Amino acid sequence: MKRLIFCAIIVSGAASGVAVSGDKETVVTKIAQVSSTMSGQPLTLPPGEIDLIASDFLIPPDQTLPVHRHPYPRYAYVLSGRLAVTNLVTNETKFFGKGEIAVESLNQ
């Protein structure tokens with residue numbers, strides 16, 4: 001089964017680093033930094049208040065999700081398995097594996 005974490009990321013410029021508190025270290029590692037969707041659209045946020053929603057999807061092997069569109073930025077971090085995303089506007093299929101981030105196209 002594929003496991004994905006979907007999360008709208010609204011913090012920009014997060015860097016890798018180490019924070020020391022007492023005798024223990026907290027290691028922060030940047031997972032990815034992107035500025036466009038998988039079809040090349042620039043990432044922008046809508047004006048006004050924004051909700052951050054993170055969801056853990058467990059998708060059975062060979063499962064096909066219904067065709068759908070997102071009017072807002074949506075990001076998928078693949079925890080395991082392989083995710084295929086087909087854009088019906090561009091007719092392109094992109095594949096994402098463990099440790100990769102898919103930035104979904106807007107309204108496509």
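1. Starting with the core: the largest nonpolar one has 7 residues, namely M38, A76, V78, L83, V85, F96 and A102. Two elements, β5 (75-80) and β6 (82-87), each give two or more residues to this core. A nonpolar core here is a set of buried Ala, Val, Leu, Ile, Met, Phe, Trp, Tyr and Cys residues joined through side-chain atoms within 4.5 Å, with buried meaning under 20% relative accessible area (1.4 Å probe, protein chains only).

2. Keep in mind that this is a predicted model, where local features need pLDDT of at least 70, side-chain atom pairs count only at pLDDT 80 or more, and totals for chains, interfaces and linings use all residues. Numbering runs from 1 along each chain as its sequence is written, and side-chain values use heavy atoms, leaving out hydrogens and water.

3. On to β6 and β7: they pair in the antiparallel sense over 6 bridges (pairing takes at least two DSSP bridges; strands are DSSP runs of E, at least two residues, numbered from the N terminus). A84 sits opposite F95 in β7. The two strands form a hairpin with 4 residues between them, and N91 in the turn has a positive phi of about 60°.

4. There's also 1 cavity of 30 Å³ or more in the whole structure. A cavity is a set of points on a 1 Å grid over the protein atoms alone where a 1.4 Å probe fits but cannot get out; lining residues have an atom within 4 Å of a point. The largest holds about 40 Å³ of space.

5. M38, S39, V85, N87, T90, E92, K94 and S105 line the largest cavity. β6 and β7 (92-97) are the elements giving two or more residues to that lining.

Notes: Buried means under 20% relative accessible area, exposed over 50%, partly exposed in between (1.4 Å probe, protein chains only). On a 1 Å grid over the protein atoms alone, a cavity is a set of points where a 1.4 Å probe fits but cannot get out, and a pocket is an open set with protein on both sides within 12 Å along at least five of seven lines; lining residues have an atom within 4 Å of a point. Grid points are joined across faces, edges and corners, and a volume is the space filled by probe spheres set on the points.
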